[in-house]
Amino acid sequence: MKFYLLMPIVSIVVIVIQTALLDLLFLGRISVELALVLVVYAAFRLDVVKGAFLALFLGFLHDSIGGFIAGVYMVSYLTVFVVSKTVSPHVHLNKLGFIVGYLSLCMLFQGCFVFFIYHVVAGIDLPASLFIHVFVPQAVVAGVIAPLFFMLLDRYGGIFDD
Amino acid sequence: MPFLKGRRKPIIVGIIFFVALSVLSLCLINPSGQTGFCKKIALQVISPFQHAVNYVFTAVDDAWERYVFLVGLAEKNRELEEKYLVETRERITYRESYFECLRLKKLLGLKQGVSYPTVAARVVGRERSSLFKTVIIDKGASDGVAVDLPVIAAAGVVGKVIDVSWTVSKVLLLVDYNSSIDCIIQRTRTQGILQGTGDDDCALKYVQCSEKIAAGDVVVTSGLAGVYPKGLFIGTVSGVERRETQLFLSVRVSPAVDMGRLEELLIVMVKEMTP
């Protein structure tokens, strides 16, 4: 119960930090996808239902604040969560290299997913340069911040404990 | 129920996934629909926090620019004074032409240009770095704001409203890849579709190779697509590329408005004027 009460507050804080604070700090040049990092963390550390709710809520908030096509972030976060949950029993999240690589991969996957939605469902072909300008830097940054974020959550993320 | 035993969690996750897919499908079926209740709540809840963060950063930035970063101010002042003199001369010439135009319009019996009512708004949040370029403003349905209303700044067009909550709204910037504006080149009257590139500029599409467009040409709204009134300043042509194999020119347009420094905006209440 504690989780479901605190989850909306934590999600709002993460989205505000991501869309307001970090956007201003990086002068609007690089987007730091804290929400996606949290989704991956939830996949490795949380119960599947709690994690799925968290992914859905984070995606919904991100769609409401920044998205143009509602549901893109919701579906992409949930997909990343389900994939991560599936691989989680087979890997250890304690290795630094794995965290960096896996988060970068998830970020690139999210980019591919957005392109896929635009191409197949909306019928719009986004230019490849957009992928390179937007998602590649995001993947690098997500990979770099992930170990620190995971460490902080392991230490202070009481509400995420099962 | 026995068949649910041990499958409860996968079923819940499946339902959650189904909800997300349904939202996505609904948006794709009805892309210009009204903002949903849950989305309105989310916008209402998050915007005060974004406003607070934005306020603190703007205050620090202002203090820095006004009191610390004053290097080269004298030089800039001299340049501006010279520019002012040149522009004063130009203004007098233009004023003469304007009055002449008014007289001729009267003679021809043409209708005077309609001036639209506007609502001033302040930017309280922004999303510029991801694929989607949007800003949140502090005016909503209670102020008469509606979806698809054009938004402008002092320098020119900013974008259009895409989501409206009670006291806040979301604006799609014209540099976003999803933004398309029907526009014309002021000098040549060439029509085209201005699409955001997802970067800091836009691309003017469907302009025939035979058109004589040059860098520096002014781009304004055509008033044809139904969202933007005619004659709003968008920006200037920054580059034109002619390719032998292509039917259309590749035209880059720099928006007049600096999308990274948006603070106060005007929402043009076009819908109030339409019968």
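What follows is a chat about how some labels on this predicted model are justified.

Colleague: Let's start with the two chains. How do you know that residues of chain A are in contact with residues of chain B?

Modeller: A pair counts as a contact if the C-beta atoms, placed from the backbone, lie within 7 Å. By that test, 41 residues of chain A are in contact with 39 residues of chain B. On the chain A side, α1, α3, α4, α5 and α6 each supply at least two residues. The largest share, ten residues, comes from α3(A).

Colleague: What classes of residue make up the side of chain A that touches chain B?

Modeller: That side has 30 nonpolar, nine polar and two charged residues. Keep in mind that Gly is counted as polar here.

Colleague: Now the helices. Why is α2(A) called oblique to α6(A)?

Modeller: The axes of α2(A), residues 34-45, and α6(A) cross at roughly 55 degrees. Under 35 degrees would be roughly parallel, and roughly perpendicular runs from 65 to 115. The angle of roughly 55 degrees fits neither range, so α2(A) is oblique to α6(A). The axes come within 10 Å, and the crossing is right-handed.

Colleague: Which residues make the contact between α2(A) and α6(A)?

Modeller: From α2(A) there are L34(A), L36(A), V37(A) and Y41(A). From α6(A) come A142(A), I145(A), A146(A), F149(A), F150(A) and L153(A). By class they divide into ten nonpolar, no polar and no charged.

Colleague: Over to chain B. Why is W166(B) called partly exposed?

Modeller: W166(B) has 14 other C-beta atoms within 10 Å. Buried needs 20 or more, and exposed means 12 or fewer. The count of 14 falls in between, so W166(B) is partly exposed.

Colleague: Where does W166(B) lie, and what is it in contact with beyond its sequence neighbours?

Modeller: W166(B) lies in the loop between β4 and β5 of chain B. Leaving aside neighbours within four places in sequence, W166(B) is in contact with K40(B), Q44(B), G140(B), A141(B) and S142(B). I12(B) is 154 residues away from W166(B) in sequence and 32 Å away in space, C-alpha to C-alpha.

Colleague: How do you know that β4(B) and β5(B) pair?

Modeller: Pairing takes at least two bridges in DSSP. β4(B) and β5(B) have five, in the antiparallel sense, so they pass. In this pairing K160(B) stands opposite L172(B) in β5(B). Both strands also belong to a barrel of six strands in chain B, closed in the order β1-β2-β5-β4-β3-β12 with antiparallel pairing. Neighbouring strands of this sheet are turned by 45 degrees against each other on average, direction ignored.

Colleague: What makes β9(B) a strand with alternating side chains?

Modeller: Along residues 218-221, V219(B) and T221(B) point to one face and are buried, while V218(B) and V220(B) point to the other and are not.

Colleague: And which strands does β9(B) pair with?

Modeller: β9(B) pairs with β6(B) over three antiparallel bridges, and with β10(B), also over three in the antiparallel sense. V219(B) stands opposite I185(B) on one side and G235(B) in β10(B) on the other. V220(B) is the bridge partner of I184(B).

Colleague: What about β6(B) and β7(B): what do they form?

Modeller: They form a hairpin with five residues between the strands. The pairing is antiparallel over five bridges, with D182(B) opposite I193(B). In the turn, R189(B) has a positive phi of about 60 degrees.

Terms used. Residues numbered from 1 in each chain as written. Chains lettered and ligands numbered in written order. Predicted model: local features only at pLDDT ≥ 70, side-chain atom pairs only at ≥ 80, totals over all residues. Contact = placed C-beta atoms within 7 Å. Helix = DSSP H or I, 4+ residues; strand = E, 2+ residues; numbered from the N terminus. Axes fitted to C-alpha atoms, helices over the stretch in contact; angles between N-to-C directions. Parallel < 35°, antiparallel > 145°, perpendicular 65-115°, else oblique. Left-handed = near helix turned anticlockwise from the far one by under 90°.
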